[in-house]
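Please open the model in the viewer and set the chains in separate colours. The stops below are meant to be selected in order.

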Amino acid sequence: MNARRPYRRPMTGWWRKNPYFVEYMIHEGTALAVAAYALVLLAGLIALARGEAAWTAWLSLLQSAPMLILHGVLLLGFVYHTWTWFHIMPRTLPPILIGGSRVAGSTITRAGLAAALLASALVYIVVARLAP
Amino acid sequence: MKRSNAPIFWALFGAGGMLSALVGAMLVWITGLAAPLGIGLSKASLSHANALAVAQSWPGKLAIFVVVALFLWHAAHRIFHTLHDFGIHAGMVAKLLCYGTAMVGTLAAIAALVAIG
């Protein structure tokens, strides 16, 4: 290792001391929900490729209590991700000018949330038509 | 100067973050709760025949691939950078674990979609 043994400030729990960073960790933590859901879908896709028996096994797993509870938790994570994604968006986008004046952050957030509602409604309508 | 590969990972993070923010919650509701429990959608909507028909159509293939791959790359990038905040600094191991998982998942999704035909 390093012979000098330089002092390193300990990092454990630093974010718990400030509500701003607690919120930061929660919104970064939604990535765990996104990853978990992608892996559930991927498992289903692989089951589908392996045949009907594997698909039925995956489906009965989805209907088990632990998986239903997991999806309830994932749903909360995703809803929070949507909320925070569009709240951060005004700070991650370059300034948008309309008619010479800068579009307000709250407008961008509201437009994003409205787009999410619209896109989700569309997805639901398409799925309900494909498989009522 | 060597070009950075950071913009590629960042773009995948952004695309996956946007897609999951737009429709992620609804997808979790549909596949994880509504269809398995039969709330608003019938339990038969996730039948083998239905799933196969969707995965064999080109729009269905594209939708499944985009959701699985972009969600994985979004999560991988975010987890990779948040590890740093817990004192696990950006090294080759962390990078391989995060982006490697996303890459393996992406390739597995392609292989499955090809096998489904």
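The tour goes from a helix to aromatic pairs and then to pockets.

This is a predicted model, in which local features need pLDDT of at least 70 and side-chain atom pairs count only at pLDDT 80 or more, while totals for chains, interfaces and linings use all residues. Residues are numbered from 1 along each chain as its sequence is written, chains are lettered from A and ligands numbered from 1 in the order in which they are written, and side-chain values use heavy atoms, with hydrogens and water left out.

**Helix H1 of chain A**

Select H1(A); helices are DSSP runs of H or I with at least four residues, numbered from the N terminus. Its 32 residues should span 46 Å at 1.5 Å a residue, and the end C-alpha atoms are 47 Å apart, which agrees; the expected span is 1.5 Å times one less than the number of residues. After H1(A) comes Gly51(A), with a positive phi near 125°.

**Aromatic pairs between the chains**

Next, show the rings of Phe, Tyr and Trp (for Trp, the six-membered ring), which pair if their centres lie within 6.5 Å; planes under 30 degrees apart count as stacked, over 60 as edge-to-face and the rest as tilted. Over all chains there are twelve aromatic pairs. Select Tyr37(A) and Phe71(B), a tilted pair at 6.4 Å centre to centre with 45° between the planes. This pair crosses from helix H1 of chain A to helix H3 of chain B. Add Phe78(A), which forms a tilted pair with Phe71(B) at 5.9 Å centre to centre and 35° between the planes. Phe78(A) is in helix H3 of chain A, and this pair also crosses between chains.

Are these rings buried or exposed? Tyr37(A) is buried, with a relative accessible area of 1%, and Phe71(B) is buried at 0%, where buried means under 20% relative accessible area with a 1.4 Å probe and protein chains only.

**The pockets**

Now display the largest pocket, with about 910 Å³ of space. A pocket is an open set of points on a 1 Å grid where a 1.4 Å probe fits, with protein on both sides within 12 Å along at least five of seven lines; lining residues have an atom within 4 Å of a point. Of its 34 lining residues, the closest to the centre are Val127(A), Leu27(B), Thr31(B), Val54(B) and Ile64(B). The lining divides into 29 nonpolar, five polar and no charged residues.

Finally, select the second largest pocket, of about 350 Å³. H3(A) gives the most to its lining, with five residues.

Notes:
Grid points are joined across faces, edges and corners, and a volume is the space filled by probe spheres set on the points. Ala, Val, Leu, Ile, Met, Phe, Trp, Tyr, Cys and Pro count as nonpolar, Asp, Glu, Lys and Arg as charged, and the others, Gly among them, as polar. Helices (H or I, at least four residues) and strands (E, at least two) are DSSP runs, numbered from the N terminus. Buried means under 20% relative accessible area, exposed over 50%, partly exposed in between (1.4 Å probe, protein chains only).
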